[in-house]
Amino acid sequence: MALRIAARLPRLAIVGVVVLLSSATLAVGAAKRMAAVPQGAPPPVATPTVTVPDITGQAFVFAKGTLEDSGLAWKVVGSVHGYAANKVARQSPAGGTKLKDTGAPTITVTLERTSYAETGEPEDVSPYFGTSVEPIGLAKATPAPAPAAPKPAPAAKTAAEKQTAPTRTPDFEVAGAPKEPTDEMPLPQRAHLLSAFIASHGKTAANVRHFLYQHSWIVTGAKFGWWHGAPALRELIAADQAAQQRWHLGRKSELVARAALAEVEARGK
């Protein structure tokens with residue numbers, strides 16, 4: 001009996017070693033599989049971007065508002081300064097360029113004179129600090145438009161339509177001033193909507209930029225002689241006073257609006 005057990009001992013030892021090696025192999029394999037799958041790894045975060053609008057050829061008062069609405073800062077370079085009626089000759093980066101959103105990337109603007117007089121104080125830098133410009137893609141070339149199909153002649157308006165169609169005659173003429181764009185809302189309506197905007201929105205950087213842009217549009221348009229500029233400025237002054245109460249700003253812009261109202265009323269006599 002003892003000899004039989006002694007004969008089996010080597011076999012049992014070999015089986016035990018095999019079992020131990022198999023267990024170790026399985027444990028190592030499981031550990032490798034667990035290491036290959038990250039536990040609780042956060043998903044990749046996309047880099048926020050902003051696309052530069054094309055402001056070339058625009059009056060500066062409208063161009064800077066377009067940049068501010070896009071969350072961009074700006075600065076004027078060159079010999080022509082940032083007066084409202086001057087025109088954008090060049091911009092850098094070009095329109096359509098995609099930038100990394102560093103906060104308020106600074107767009108460089110070069111202006112040219114127009115026939116309209118340079119009045120007031122020039123603005124050569126945005127009202128807030130700009131940040132670095134980091135392009136992440138080239139501006140895409142705009143393909144040539146395909147030839148448009150001939151359009152049918154517009155139908156003649158009825159007498160009722162002619163009576164109800166709004167007509168915007170200038171309050172006064174200013175040499176070299178751009179004509180009021182008929183595809184934009186009239187100045188009084190714009191001022192009324194701005195008042196409602198202040199009453200229904202809190203103070204944020206984006207809302208303040210919107211307020212300043214609309215304010216500049218109304219003041220400049222009224223000084224250009226656009227339709228019903230004086231009533232629009234009176235509504236704008238009320239909006240300035242509302243901004244002072246709700247947002248604790250607007251005193252300076254109210255003074256600008258009052259000075260413009262005095263100028264417009266004097267020209268309209």
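The protein chain exposes about 17,100 Å², and 61% of that area is supplied by carbon and sulfur atoms. The model behind these values is a predicted one. Turning from the surface to the inside, 31% of the 269 residues of the chain count as buried. The fold is built from 7 helices and 6 strands. Read from the N terminus on, the elements run α-β-α-β-β-β-β-β-α-α-α-α-α. As for how the chain comes back on itself, take the contacts with a separation of 6 or more: 76% of them join residues 24 or more positions apart.

What about the interior? In soluble globular proteins, nonpolar side chains tend to be buried together. Here, the largest nonpolar core has 34 residues, and the members that touch the most others are Ile198, Ile218, Leu233 and Leu236. Two or more residues of this core come from each of H2, helix H4 (187-200), H5, helix H6 (229-246) and H7. Ile198 gives a good look at the packing: setting aside residues up to four places away in sequence, Ile198 touches Phe211, Ala239, Ala242, Ala243, Arg246 and Trp247. Another core lies apart from the largest one; it has 15 residues, and Ile55, Ala63, Leu67 and Ile107 are among them.

Helix H2 deserves a paragraph of its own. With 8 of its 10 residues buried, H2 is largely enclosed by the rest of the structure. The buried residues in H2 are Phe60, Val61, Phe62, Ala63, Lys64, Gly65, Leu67 and Glu68, so the list takes in the charged Lys64 and Glu68 along with nonpolar residues. Around the helix, these buried residues pack against E2, E3, strand E5 (106-112) and H5. Just after H2 comes Gly71, with a positive phi of about 80°.

Further along, Val80 sits in the loop between strand E2 (73-77) and strand E3 (87-92). Is this loop residue buried or exposed? Val80 counts as buried, because its relative accessibility is 14% and the cut-off for buried is under 20%. Its partners help to fill in the picture: beyond its neighbours within four places in sequence, Val80 is in contact with Asn86, Leu111, Glu112, Arg113 and Glu118. Thr110 is 30 residues away from Val80 along the chain, yet the C-alpha atoms of the two are separated by 7.5 Å.

That leaves the empty space. Rolling a probe the size of a water molecule over the atoms shows where such space is left. The largest pocket holds about 1,000 Å³. Its lining has 36 residues, of which Lys64, Glu121, Glu123, Ser216 and Val256 are the closest to the centre. Helix H2 (60-69), helix H5 (205-223) and helix H7 (251-268) each supply at least two lining residues, and the largest share, 8 residues, comes from H5. By type, the lining of the largest pocket divides into 17 nonpolar, 10 polar and 9 charged residues. Lys64 thus turns up twice, as a buried residue of H2 and as one of the residues closest to the centre of the largest pocket.

The second largest pocket holds about 260 Å³. Of the 17 residues that line it, Arg168, Pro170, Lys179, Glu180 and Trp226 are the closest to its centre. The lining of this second pocket is made up of 9 nonpolar, 4 polar and 4 charged residues.

How values were computed:
Residues numbered from 1 in each chain as written. Predicted model: local features only at pLDDT ≥ 70, side-chain atom pairs only at ≥ 80, totals over all residues. Heavy atoms only, no water. 1 Å grid on protein atoms, 1.4 Å probe; cavity = no way out; pocket = protein on both sides within 12 Å on 5 of 7 lines; lining within 4 Å. Points joined across faces, edges and corners; volume = space filled by probe spheres on them. Helix = DSSP H or I, 4+ residues; strand = E, 2+ residues; numbered from the N terminus. Buried < 20%, exposed > 50% of the residue type's maximum accessible area, 1.4 Å probe, protein only. Contact = heavy atoms within 4.5 Å. Areas by Shrake-Rupley, 256 points an atom, 1.4 Å probe, with all protein chains shown as cover. Core = buried A, V, L, I, M, F, W, Y, C linked by side-chain atoms within 4.5 Å.
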